[in-house]
Amino acid sequence: MKVIGIDVGGTKIYGGLVEGENKILRTKRGFTPAGFEEGVDFLSSLIKDLIEGEEIAGIGVGVAGFINFAQGIVISSPNLPGWSDVPLKRILEEKTGLPIFMDNDVNCATLAELKIGVGIGKKDLVAIFPGTGIGGGIVIDGRLIHGASFCGAEIGHIPIDPDGGPRCGCGRSGCLETLCSGPAIIRSTKRPLNSVDEVHLAAEEGEEWAIAALKRAARYLSQGIAIMVNALNPEMVVLGGGVIEALPKMVDLVRREVWSMALPQALKGLKIEVAKMHGEAGFMGAALLAREKIMGVS
């Protein structure tokens with residue numbers, strides 16, 4: 001079976017033609033256009049290029065934002081202006097003539113790690129992806145958790161310092177992503193940096209300010225993880241995203257901090273692992289979503 005998976009993010013759209021669970025036949029990507037109509041036009045063009053000469057069973061689409069996956073509606077997306085209350089599933093089905101299956105982009109990435117990544121064989125898993133913000137995915141008894149109003153796993157908005165923390169894009173203060181996302185780490189250094197890669201390089205050279213920024217971010221992230229571990233008692237926590245890739249030493253710091261914060265009983269058997277799928281996780285997870293829906297896998 002061949003399906004298409006597409007990852008729609010705030011800055012880029014990345015799609016792939018996938019055969020079986022994990023054989024990538026071709027990919028295509030580009031910057032996310034400004035505006036919904038322009039985005040749909042780009043998606044239509046991308047799908048046409050990926051389909052060329054192939055028999056396709058369906059298409060999975062992961063979109064950054066709150067997604068009513070049952071009806072295929074983008075409820076809202078802070079990083080996609082104009083993508084609010086839009087019936088993306090219906091629109092793409094009309095344009096392509098193919099069945100469309102949708103979910104949140106990070107849920108798709110979590111599904112990829114669960115099925116073909118570092119989480120193979122696990123039933124209870126939490127995935128956390130610090131980058132520009134912090135996205136999360138929760139799997140309980142082998143199923144993704146979406147929540148009563150499609151807002152499950154918003155781990156980046158756990159209130160860590162609601163009284164004195166930085167203002168968050170959600171309108172609250174002191175959310176986890178205001179303290180240990182990429183922009184938060186850069187801001188904490190009080191230096192004119194362009195990326196967290198510069199923090200990594202400086203820490204490697206022994207710069208105290210960089211080491212302090214790394215330790216501070218790791219501690220905040222560990223607080224969020226410890227909360228999830230105590231609440232959900234997962235077998236595994238998967239760490240991915242741009243911050244983890246740029247700051248690999250952060251993972252060992254987090255492991256030590258979490259073990260000092262979470263309940264001993266909740267830590268029994270817990271593994272904290274680095275994501276395996278990297279940049280392909282979103283569209284591969286969307287492809288898996290389509291494949292499983294078509295095959296009737298719950």
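Student: What makes Arg29 count as lying over the face of Tyr14?
Tutor: This is a predicted model, and its Arg29 lies at 4.0 Å from the ring centre of Tyr14. The rule wants CZ of Arg within 6 Å of the ring centre and within 35 degrees of the ring normal. The value 4.0 Å is within 6 Å, so the distance test is met. Arg29 is placed over the face of Tyr14.

Student: How do you know that Lys89 lies over the face of Phe101?
Tutor: Lys89 is at 5.5 Å from the ring centre of Phe101. For Lys the test atom is NZ, and the limit is again 6 Å. Therefore 5.5 Å passes on distance.

Student: Why is the pair of Tyr14 and Phe283 called edge-to-face?
Tutor: Take the two values in turn. The ring centres of Tyr14 and Phe283 are 4.8 Å apart, within the 6.5 Å limit, so the rings pair. Their planes are at 70 degrees, over 60, so the pair is edge-to-face. By this rule there are three aromatic pairs.

Student: What makes the pair of Tyr14 and Phe283 a link between distant parts of the chain?
Tutor: Tyr14 sits in strand β2 (residues 12-19), and Phe283 in helix α11. The two residues are 269 residues apart. Both Tyr14 and Phe283 are buried. Each is therefore under 20% relative accessible area.

Student: Why is the pair of Phe36 and Trp83 edge-to-face?
Tutor: The ring planes of Phe36 and Trp83 stand at 90 degrees, over the 60 degree cut-off, so the pair gets that name. Their centres are 5.0 Å apart, again within 6.5 Å.

Student: What does the pair of Phe36 and Trp83 tie together?
Tutor: Phe36 belongs to helix α1 (residues 36-51). Trp83 lies in the loop between β6 (73-76) and α2 (88-96). The pair thus joins parts that are 47 residues apart in sequence. Phe36 and Trp83 are both buried.

Student: Why is Cys168 called buried?
Tutor: Its relative accessible area is 7%. Buried means under 20%, so Cys168 qualifies. Cys168 lies in the loop between β10 (143-144) and α4 (177-180). From Cys168 to Leu179, eleven residues along the chain, the C-alpha separation is 9.6 Å.

Student: Why is Phe66 called partly exposed?
Tutor: Phe66 has a relative accessible area of 26%. That value falls between 20% and 50%, so Phe66 is partly exposed. Phe66 is in strand β5. The C-alpha atoms of Phe66 and Asn104 are 6.6 Å apart, with their positions 38 residues apart in the chain.

Student: What class does Gly10 get, and why?
Tutor: At 36%, Gly10 also falls between 20% and 50%, so it is partly exposed. Gly10 lies in the loop between β1 (2-8) and β2.

Student: What is notable about the phi of Asn233?
Tutor: Most residues other than glycine have a negative phi. Asn233 is not a glycine, yet its phi is positive, about 50 degrees. Asn233 lies in the loop between α7 (208-232) and β11 (236-239). At 44% relative accessible area, Asn233 is between the two cut-offs of 20% and 50%, so it is partly exposed.

Student: What about the phi of His278?
Tutor: His278 has a positive phi near 55 degrees, and is a residue other than glycine. His278 is in the loop between β12 (271-274) and α11. Its relative accessibility is 46%, under the 50% limit for exposed, so partly exposed is the class.

Student: Which residues line the largest cavity?
Tutor: His278 is one of them, with Leu239, Gly240, Gly241, Ile244, Glu245, Val274 and Ala275. The volume of this cavity is about 30 Å³. By class its lining has four nonpolar, three polar and one charged residues.

Student: How do you know that the lining of the largest pocket draws on domain 1 and domain 2?
Tutor: Each of domain 1 (2-108 + 279-295) and domain 2 (121-274) gives at least three residues to that lining. The pocket has a volume of about 1400 Å³. In total 49 residues line the pocket, and Ala64, Asn79, Asp105, Val106 and Gly133 lie nearest its centre. Helix α3 gives the largest share, five residues. The lining residues divide into 18 nonpolar, 23 polar and eight charged.

Methods. Residues are numbered from 1 along each chain as its sequence is written. This is a predicted model: local features need pLDDT of at least 70, side-chain atom pairs count only at pLDDT 80 or more; totals for chains, interfaces and linings use all residues. Side-chain values use heavy atoms; hydrogens and water are left out. On a 1 Å grid over the protein atoms alone, a cavity is a set of points where a 1.4 Å probe fits but cannot get out, and a pocket is an open set with protein on both sides within 12 Å along at least five of seven lines; lining residues have an atom within 4 Å of a point. Grid points are joined across faces, edges and corners, and a volume is the space filled by probe spheres set on the points. Helices (H or I, at least four residues) and strands (E, at least two) are DSSP runs, numbered from the N terminus. Ala, Val, Leu, Ile, Met, Phe, Trp, Tyr, Cys and Pro count as nonpolar, Asp, Glu, Lys and Arg as charged, and the others, Gly among them, as polar. Domain bounds come from an automatic or database domain assignment. Rings of Phe, Tyr and Trp (its six-membered ring) pair if their centres lie within 6.5 Å; planes under 30 degrees apart count as stacked, over 60 as edge-to-face and the rest as tilted. Buried means under 20% relative accessible area, exposed over 50%, partly exposed in between (1.4 Å probe, protein chains only).
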